[in-house]
Amino acid sequence: MNTVVISGVAGMTGSEVARQLLAGGWRVVGFDTFFASSPAAIEDLRKEDSFSFYPYDLNRPADARLLENELAGRSSKGGLAFVNCAAVVHTKHFYVPSATFETNVCGMKAFLELAVRVGAQQFINCSTSEVYSLKSFVAGGVLESDPLLVASSETSPRASYAIGKLLTEFFMREAVDLGRIRGCSLRFANVYSHDEFLPEHIIPYTIQTLRKGPAIVLLENARKTRRTFLHNNDSAAAVVRLLESDRALDGSAYNVGTVEEIGMVELVETIGAQMGVTPEITFAGVRSADPERRLLNMEKIRARTGWAPTVTLSQGIQLCLRHGPRGTA
Ligand SMILES: NC(=O)c1ccc[n+]([C@@H]2O[C@H](COP(=O)([O-])OP(=O)(O)OC[C@H]3O[C@@H](n4cnc5c(N)ncnc54)[C@H](O)[C@@H]3O)[C@@H](O)[C@H]2O)c1
């Protein structure tokens, strides 16, 4: 039986990747500190015989040693893959560069080294479309090979998240080029789900706000910002597809998103319409160095793995409205 080790397994991506891999016959070993998630998010997984959970911290060498002991010899009993989902992700946290660096860069590097030490064959590195930063839009969508124009410390502390993630892509590429492991980086764009633990992202924020009444405050940027939104079922499916397409694990990066672009005001109105509420929108605050549009070109992952998103934004909003985060619905 193949085994996958997932860091941040209680998070939005990690938990759904675990669900899909368990359904595909994998054994899953996962860990999380619940820094940005809840035990309720993996209650269903913990009932599965093929799922093991540990309350480990990606940043604690002692925890890595415990995990290493647990995994010793496992690679000879079937395939062994690592998926790194643990990260400081939310806008609420990632304006703190030192914290994001520790988890997102040092933690990723330590997890990659652990994967090599225990003989894992595959490593999936969750990166982000934030790496495109100020050049997140071209007609037809930005390509993985496009040069980047990244905001500096003069323009936005937010850029530290993107730059840290970009560095992990170099670690991933180096490890593959040196023949230490197979793997790749995924540049996710605006993933959402009904299972989001923190309400800061625009879709859960809108739903939670409109449940209390029609008044909603958006950033000034929202007057012009357009985004695509990728349902978590699809982002997790992209991870699974890549794990099953070893030839695609060449150390490179893959865009993972949709091309269904929508303006923020229209998004709030669309969600409101599905809830039977007419939103009363006001604007306050500005987010610096936030691109007006972000559109990815997904041809590379489609050509190499056949992956394409399946959940439309309208269907995804329906799913979010129907279910709250696990354990709260
Ligand atoms: N959500 C998005 O829109 C989005 C977009 C682009 C990229 N990504 C990337 O995808 C990956 C997964 O993101 P997500 O949306 O599932 O985020 P999430 O916050 O839902 O999940 C991250 C999980 O990691 C855990 N974690 C954090 N620090 C930890 C530590 N030191 N040790 C162990 N666990 C720790 C958190 O408790 C949480 O459960 C991240 O690498 C993120 O940067 C997400």
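**View 1. Seven strands line up as an open, parallel sheet in this predicted model**. Reading across the sheet, the strand order is β3-β2-β1-β4-β5-β6-β11. The two edges are β3 (51-54) and β11 (250-256), and each of these pairs on one side only. From one strand to its neighbour the turn averages 15°, with direction ignored.

**View 2. Here we zoom in on the pairing of β6 with β11**. Strand β6 (residues 182-188) runs parallel to β11, and five bridges join the two. One pair to look for is F188, whose bridge partner in β11 is V256. As for the helix in this close-up, α1 packs on the sheet and touches β1 (3-7), β2 (27-31), β3, β4 (80-84) and β5. The direction of α1 makes about 165° with that of β2.

**View 3. A shell of 27 residues surrounds the ligand**. Which residues are the closest to the ligand? They are G8, G11, T13, S37 and A87. Three elements give two or more residues to this shell: α1 (12-23), α4 (97-117) and β5 (122-128). Helix α1 provides the largest share, with three residues. By residue class, the shell around the ligand splits into 13 nonpolar, twelve polar and two charged residues.

**View 4. Helices α3 and α4 pack with their axes 11 Å apart**. Helix α3 covers residues 61-71, and its angle with α4 is about 25°. Angles under 35 degrees count as roughly parallel, so that is what we call α3 relative to α4. The crossing of α3 past α4 is right-handed. On the α3 side the contact is made by A64, L67 and E68, while α4 brings A110, L114 and R117. Sorted by class, the residues of this α3 and α4 contact come out as four nonpolar, no polar and two charged.

**View 5. Helix α6 meets helix α8 at an angle of about 45°**. The helices span residues 202-212 (α6) and 264-275 (α8), and their axes lie 10 Å apart. With that angle, α6 is oblique to α8. The crossing, with α6 passing α8, is right-handed. From α6, look for I202, T206, I207 and L210 in the contact; from α8, look for M264, L267, V268, I271, G272 and M275. Eight of the residues in this contact of α6 with α8 are nonpolar and two are polar, with no charged ones.

**View 6. On to the packing of α8 with α10**. How far apart are the axes of α8 and helix α10 (residues 313-322)? The distance is 11 Å, and the two helices pack at an angle of about 55°. That angle makes α8 oblique to α10. Helix α8 passes α10 in a right-handed crossing. The α8 residues making the contact are T270, I271, Q274 and M275, and they meet I317, Q318 and L321 of α10. I271 and M275 may look familiar from View 5, since they are also listed in the contact of α8 with α6. The contact of α8 with α10 has four nonpolar and three polar residues, and no charged ones.

Conventions: Residues are numbered from 1 along each chain as its sequence is written. This is a predicted model: local features need pLDDT of at least 70, side-chain atom pairs count only at pLDDT 80 or more; totals for chains, interfaces and linings use all residues. A residue is near a molecule or strand if its C-beta atom, placed from the backbone, lies within 6 Å of it. Helices (H or I, at least four residues) and strands (E, at least two) are DSSP runs, numbered from the N terminus. Ala, Val, Leu, Ile, Met, Phe, Trp, Tyr, Cys and Pro count as nonpolar, Asp, Glu, Lys and Arg as charged, and the others, Gly among them, as polar. Axes are lines fitted to C-alpha atoms, for helices over the stretch in contact, and angles run from 0 to 180 degrees between N-to-C directions. Angles under 35 degrees count as roughly parallel, over 145 as roughly antiparallel, 65 to 115 as roughly perpendicular and the rest as oblique. A crossing is left-handed if the near helix is turned anticlockwise from the far one by less than a right angle, and right-handed if clockwise. Two residues are in contact if their C-beta atoms, placed from the backbone, lie within 7 Å. Two strands pair if DSSP finds at least two bridges between them.
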